[in-house]
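Let's take a walk through a protein chain together. Have a look at the picture first, and then we'll go from the whole chain down to a few of its helices.

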Amino acid sequence: MDINPLANPKGSKLICEICQLPAFVLCKSCKVTYYCTHEHQKADWVSIHEEICDKLAFLRQPTPFLPSKEERDKRQNQVQLMKIELIEMSRTLAQKLLFEGKHDESVPAATQSLRYAIDVYGVATIELVPSYLILGEASVGLNKLVQAEEYLTKAQWTVMKTPDCPRSIKSKLYRNLGLLYAAKGDFQESLINFADDIYHSSEEFGTDSIRTSGGYFHMANVFFRQGKMNIADSLYRQVINIWHNHLSEIIKAKVPSEEEAAKSRSRMIGPAKGLFEELSSGLDAAQDAEAIQILTSIYDIRDHQVNRQAQDVAKTCHALAMLFFVLGDIKKAKEFGRKAIVESDKIKDDNFSKSLVEFMKLCERQGTTN
Amino acid sequence: MDAATVIQSTKSGTTSHSYMKRKVPPSGHLEPIKGLGRRDKQAADKSALLRSALPVLRKQDIAKFRNSYKHNLCLDMLTEGFHLSFCELINLIRQQHERREAAGPESFIWTKPVLPDQPDKLEMMKMYLTRAEAASRIGHYLDEYQSRYDLAQSFKDNPDDQWLVDHFFTTCLEVAMKVPVEVGGKIQSEGHCNVGLCLQKRGNFREAAKHFEAYHKLAANYKNEWKMSNGTSFYTDSCIKLYHIYTIIGAELARSAEQEERDLSLETLKQALEMAKNSLDKKLEGEASFNLGMAFQKINDLDTALSHLFNFYESCQGDSNSEGIGRACDSIAKIYARQGNKEKSVEFLKRFVELTEKTGLEKEYCLACHNLGNVCNSVGNYDEATEYFSKAYNISRALGDPVSTNVNRVQYGIAMAHRMMGKFANHIVVGGKTCITRLAEWKSVRTDEFSKPIPDTVPGAAHHVVLPPPPAQKETAHEEEAEEEAHEMKETQDPSIEIIKPDSLEQNSE
C-alpha cells in the first residue's frame, strides 16, 4: 500500500534524486528537485546540482501549452539541445571529480548524465557507455567492486554489440576494466586490459599523445605493485616525457611575445574562466585534473625512490612546474622549477639546464606582472 | 546449471519441432505432455558431455580469435611491459600507412603488402625489439645494438624493406652513441658506416659523407685492432667508402654551373685521391688520379692533368689493366694534342691502338683508330689518316653502332679527299693533255687515276704535295662539320649509303 505525504498532490510520487526513495525535501532554487534527507540534498549540491540547477528547472517544468506545430517543434529542439548539453556538462564534471579523487562526489553527477543519456539516446546505446564508465570508475574508487563490475560489464556488452564503436571509448572501457582488476588484485588480467587500452588509444591518438599517457601510467602502477621496478620506471619515464613535450609545446606557443604572454595570462586568471570552457592550456577540466594526478603521483614515487636518477626527477619537476605555470599557479610553478634546477645541477646537460633557466625567467616575469 | 539449460533448450527444440511437423492440430483432443523420451535424454547427455570436453575459454583465448594478428601481438608486448617496442612498431606501421596514403592507389607502392598483413615480419620485429628493450633496460647497450643490427640485416635482402633497414641502422647508431667511446667505439664506427651506406643508397651523398668521415675518424685510432670478418681493417674500409662518396660528390659538383662549386669539386676529388692513397689500394689510387686528371683537364690545367694521368697510367701498367691503360693513353694523347705536341700525341695513340688491337676490345679499338686518324689528319699525314679511318669505319660498321659509323664514314671521306687533293692540285699545276684528260675523266665518272705517274715529268711528281696541311683550328672546324653531317645522315636514316657521296668530296676538294 502506498502512503502519500499529505502535503503532496495526490497521485504524484516525489522521489529522492539520489536514492529513489520517497522524498521530503525540495530544492529551493529550482523547485523541481526532491530529496529524502538534507544529507542527500547536500551531496547532490556539491556534486552537480549547483551547476545544473537552472537547467533542471527549465527541463522539469510542465510542458506549456503551445498552439502551433512550429512552436512545439522549436521547444522540442530546445529541450533536446539542453539535455545534451546537460549530459556533457555533468560527464566532464564527474570525470574531473574522479581525477581529483572525490569518487563519492562524482557519483550523483554521473548518475544524472546517465539518466538524461537514457532519456535522449535510449537504453543500450553506445552514448551511455561514458556514463557507465565513470560510474564504474567511481565505484572502483569507493571500493564497491561488485557494483563497478556491473556497470563495466554493461558498458562492455554495449561496446561489443556496436561494431564500429569509436576507439576512444574502447580505450576508456579497457582502462576502467584494468583499474577494476587492479583493485581486485588480479594483476595479469588488469595488465591485459591496460594493454588493450594503450593499443586502442595509440591507434586513435598516436603513441605519444597525452591521452595515451593515462594507460601507461596505470600500467606502470601495476608493474610497480608487482615489484617489477625497472619496467615501471621505464613506463613512468615515458609518461613524463609525453607530458613534458606536450607542456613545452604549449608554453612555446604561448611565449612568442611579451604582450601575448600578458594577454594569455589575463585570460588564464580572469574571473570569466568558466569551469567548462577550454583553458588556455588546451586541456579541458578533466585533463587538467588528470595531469595533476599523474604528475604529482609520479613525483611522489620518484621522491621516495632510493636509487632514483637525478635526470628523471629533474624532468618530472620541470613538467610539474610547467603544468602549474600553464594553470596559472605561479608560486607552485616556481617551487618546482627550483627543485628541477637543484636536480639538474647533478647532471651535465646544457640544453636541459638552459631550458630550465629560460622557464624560470618566464616565471619571474609572470610573477612580477601579476 | 549448464546442463539444465541445455535440457531446457533441447526440450523446447523438440516440442517446436513436433509442432512444425503436424501442420493441422488434432481436433479437440490435446495430447498429454510426455516426459523426456529416451532419445532426447541421450541427445542431452551427449551435448553435455561434449560441452564438458571443451576447454574453458579465458578472455585472452576469445580475444585471440576476435582480434587481428597485429592487435594480439601488441597486447602480448605490452603485457610483458615492452612499451617502447610497441611504440616503435606502431609508429613504423603508421609511417608506412601514411606514405602509402600519400602516394595514392595509382602508385607502385600501393601494390606492395603492408606490415600488418605480414605476420612473420611482425613476429620477427617483436622478437628482436623486445630483446633489445630488455637489454637496454638493464643497461646492456651492446646487446641492444646487436639485436637491432640483426634485425636490420634480416631485412636487407628485400628491396621493399629498405626503409626498415634505414630505420634500424639509424637506431643502431643512436644506441651505439649511448656507450662511451672506449667501449663502444667499434660499434659506433660500424653504426656510422651503416647509416652512411643507407644514405648513399638513398642519394643523400652529403650526409653520407659526414657519417663516413665520423667512421674514418673513429677507425683511424685503431688502425690495426679493428678488423672485419674478411680481414680488412675498418680503417681501410672507411678510406674506400670515403673515396667512393667523394668521387660521387665531386662528379656532382662538377656538373654545377657555379664557379665556386666547381672549385669545390676539385677539392673533393683531391680528398678522394688522398683517401685512395690511405687505403693502400693501387687500383683505387689510379682511378682517383684519373678522375682528378680529367677534372684538371676540364679547367685547362693541362700539366697537372698530365701528371695525374701518368700516375694512373703507371698504376694500370702495374696490375696490367689493359682497359685502364687504354683509357690513360687516350686521355694523355688528347691532352698532348691540345698542347700542340703532335708527336707525343701520336705516340700515345699508337700505343692505344696497339693495345686495343691486342686485347680485342672492339669499341676501344674503333675509338683509338678514330682519334689517331684525327691526329694524322691534322698533321697532314693523310695516308695514315685514311688508313686509320678506314679501320675505324669498318669496325664501327661491324659493331653496328650507327652514330660512330656515320662519324667515321664522313671522316674517312674527308681523309681520302685530303689525300687526293695534293695530286689533284698537281695535275692542275702541271697541265698537259694527259692531266686534263684525267681531270675530265674524274669529273665525269670519278675514276681516280691521279696516282699514276704523269708522263714527261719527273717520276713521283704526281705525288708531290703542293698544299700545306690545313691549320689545326680549321681541322676542328672540319670535324664539327663532319659530325653535323653525320647527324644529318643519321636523321635521314639511309643505311644503304656505303660510298661517300661525291658531292662531299667535291666540296672538300674545292
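What follows starts with the overall picture and then turns to helix packing and one residue.

Keep in mind that you are looking at a predicted model. Chain A is built with 14 helices and two strands. It has 370 residues, and 50% of them count as buried. The chain exposes about 18,700 Å², with carbon and sulfur atoms supplying 54% of that area. Now think about which parts of the chain touch which. If you take the contacts in chain A with a separation of 6 or more, residues 24 or more positions apart account for 60% of them.

Next, the helices. Two packed helices are described by the angle between their axes and the distance between those axes. Try this with helix H2 of chain A (residues 69–99) and helix H4 of chain A (residues 129–141): their axes come within 10 Å and cross at roughly 25 degrees. An angle under 35 degrees counts as roughly parallel, so that is what H2(A) is to H4(A). Their crossing is left-handed. On the H2(A) side, the contact is made by A:Arg91, A:Ala94, A:Gln95 and A:Leu98, while H4(A) brings A:Pro130, A:Ser131, A:Ile134, A:Glu137 and A:Ala138. Sorted by class, that gives five nonpolar, two polar and two charged residues.

H4(A) has another partner to look at. How do H3(A) and H4(A) pack? Their axes are 9 Å apart, at an angle of about 160 degrees. Since angles over 145 degrees count as roughly antiparallel, H3(A) and H4(A) are therefore roughly antiparallel to each other. This crossing is left-handed. From H3(A), the residues making the contact include A:His103, A:Val107, A:Ala110 and A:Leu114, and from H4(A) they include A:Tyr132, A:Ile134, A:Leu135 and A:Gly141. By class, the contact has seven nonpolar, six polar and one charged residues.

Finally, zoom in on one residue of H3(A). A:Glu105 is found in this helix, which covers residues 103–121 of chain A. Its relative accessible area is 24%, so A:Glu105 is partly exposed; to count as buried, a residue has to be under 20%. Which residues does A:Glu105 touch, leaving aside neighbours within four places in sequence? They are A:Val46, A:Ser47 and A:Leu97. You can also compare sequence and space here: A:Glu105 and A:Trp45 are 60 residues apart in sequence, and their C-alpha atoms are 9.4 Å apart in space.

Methods. Residues are numbered from 1 along each chain as its sequence is written. Chains are lettered from A and ligands numbered from 1 in the order in which they are written. This is a predicted model: local features need pLDDT of at least 70, side-chain atom pairs count only at pLDDT 80 or more; totals for chains, interfaces and linings use all residues. Side-chain values use heavy atoms; hydrogens and water are left out. Axes are lines fitted to C-alpha atoms, for helices over the stretch in contact, and angles run from 0 to 180 degrees between N-to-C directions. Helices (H or I, at least four residues) and strands (E, at least two) are DSSP runs, numbered from the N terminus. Angles under 35 degrees count as roughly parallel, over 145 as roughly antiparallel, 65 to 115 as roughly perpendicular and the rest as oblique. A crossing is left-handed if the near helix is turned anticlockwise from the far one by less than a right angle, and right-handed if clockwise. Contact means heavy atoms within 4.5 Å. Ala, Val, Leu, Ile, Met, Phe, Trp, Tyr, Cys and Pro count as nonpolar, Asp, Glu, Lys and Arg as charged, and the others, Gly among them, as polar. Buried means under 20% relative accessible area, exposed over 50%, partly exposed in between (1.4 Å probe, protein chains only). Accessible areas come from the Shrake-Rupley method with a 1.4 Å probe; for residues, only the protein chains shown count as cover.
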